[in-house]
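Reader: I should be grateful for a close look at one part of this model, set out as a connected account.

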Amino acid sequence: MNREQRDRIASGQGFIAALDQSGGSTPKALKLYGIDESAYANEAEMFALVHRMRERIVTSPAFDGRRILGAILFERTLDDRFAGEEAARFLWERKQVVPFLKIDKGLEAEDGGVQLMKPIPGLEELLARAKAKGVFGTKERSVIKANNPAGIAAVLDQQFELARKVLAAGLVPIVEPEVDIKAADKEAIEAELKRGLLQHLDTIDAATPVMLKLTLPSIDGYFAELVAHPSVLKVVALSGGYSREEANARLARNPGVIASFSRALTEGLGAQQCDEEFNQALDASIESIYRASIA
């Protein structure tokens, strides 16, 4: 584990940019960016366009380690380049932004009010490749849609089983049991989830902590015990479908939690903007998320 990167995540001020749009979320991300489905004929062309969007973001003068602690990459991006350099090394060596990698392969069909992660074939090889390319940690996402204790327990069992494999590979896992913001019993889900998280965290050695990526809670400050837990390096929040304004407002009311936004980060950016307009819009977005993260 890179000690400088760990210290930066643990004590630095800023947030984590989520630039890990997958095959399922990329069409929507491109559409919000002003690129319609008619602009690409196949998956390869689609991924090339979203990589150009990501490259424009990370090479912008607005994007650097002054306000951004880390960035989460999609697996395809790991083998691609930013400004001619390997993506993960560009982030750290040029921008002082700690690189993370999304390793999950998407979600199973809903069962018992939750969606577990699909199997991850070639996990050991992927983790070894990520570490060799300078990646610090990973991110893996499940979704909880109903307050079913058995389903929530299954999500956490799967998440922490994977987290231990990531830790064994010398990387830091971001455990992400997302709660659907539209769930009718969201507050009750969060109570059950926090209880389960605390139980699992008590089994993790504080010398090799994990990170948590959680939906912004219904009760302000509800994750304070998780933020303070010795086996948690950092708690980050996903925007979960909230607008940037709403996500920032909720985040600012949760001390110790920082942002890890995707759609909320790119809100207002457009492919048709000139560089000056794009950089100004990105700078405003980054500044607002940074202020909410350090509130």
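Is Lys 139 buried or exposed, and what is its relative accessible area?

Author: In this predicted model, Lys 139 has a relative accessible area of 5%. Buried means under 20%, so Lys 139 is buried. The residue is found in strand β7. Leaving aside residues up to four places away in sequence, Lys 139 touches Asp 20, Ile 72, Leu 101, Lys 102, Ile 103, Asp 104, Ile 174, Glu 176 and Lys 213.

A second residue to consider is Glu 178, which has its place in strand β8. With a relative accessibility of 12%, Glu 178 likewise counts as buried. Its contacts, again without residues up to four places away in sequence, are Arg 141, Ser 142, Val 143, Ile 144, Thr 215, Leu 238 and Gly 240.

Strands β7 (137-144) and β8 (172-179) are also among the elements that cover the buried residues of helix α7. The cover further includes β6 (114-115), α6 (123-132), α8 (186-201) and β9 (210-215). The residues of α7 that are buried are Gly 151, Ile 152, Val 155, Leu 156, Gln 159, Phe 160, Leu 162, Ala 163, Val 166 and Leu 167. Viewed down the helix axis, these buried residues fall within an arc of 165°, and they therefore line one face of α7. The face turned away from that buried side carries Ala 150 and Ala 168, both of which are exposed.

The length of α7 can be checked as well. The helix comprises 20 residues, 149-168, and at 1.5 Å a residue these should span 28 Å; the C-alpha atoms at its ends are 28 Å apart, in agreement with that expectation. After α7 comes Gly 170, with a positive phi near 85°.

A helix pair elsewhere in the chain completes the account. Two packed helices are described by the angle between their axes and the distance between the axes. For helix α10 (residues 244-252) and helix α12 (residues 275-294), the axes come within 8 Å and cross at roughly 20°. Because angles under 35 degrees count as roughly parallel, α10 is roughly parallel to α12. On the α10 side, Arg 244, Asn 248, Leu 251 and Ala 252 take part in the contact, and they meet Ser 285, Ser 288, Ile 289, Ala 292 and Ser 293 of α12. Sorted by class, the contact of α10 with α12 has four nonpolar, four polar and one charged residues.

Methods: Residues numbered from 1 in each chain as written. Predicted model: local features only at pLDDT ≥ 70, side-chain atom pairs only at ≥ 80, totals over all residues. Heavy atoms only, no water. Helix = DSSP H or I, 4+ residues; strand = E, 2+ residues; numbered from the N terminus. Expected span 1.5 Å × (residues − 1). Buried < 20%, exposed > 50% of the residue type's maximum accessible area, 1.4 Å probe, protein only. Arc of directions from axis to C-beta. Contact = heavy atoms within 4.5 Å. Axes fitted to C-alpha atoms, helices over the stretch in contact; angles between N-to-C directions. Parallel < 35°, antiparallel > 145°, perpendicular 65-115°, else oblique. Nonpolar A, V, L, I, M, F, W, Y, C, P; charged D, E, K, R; others polar.
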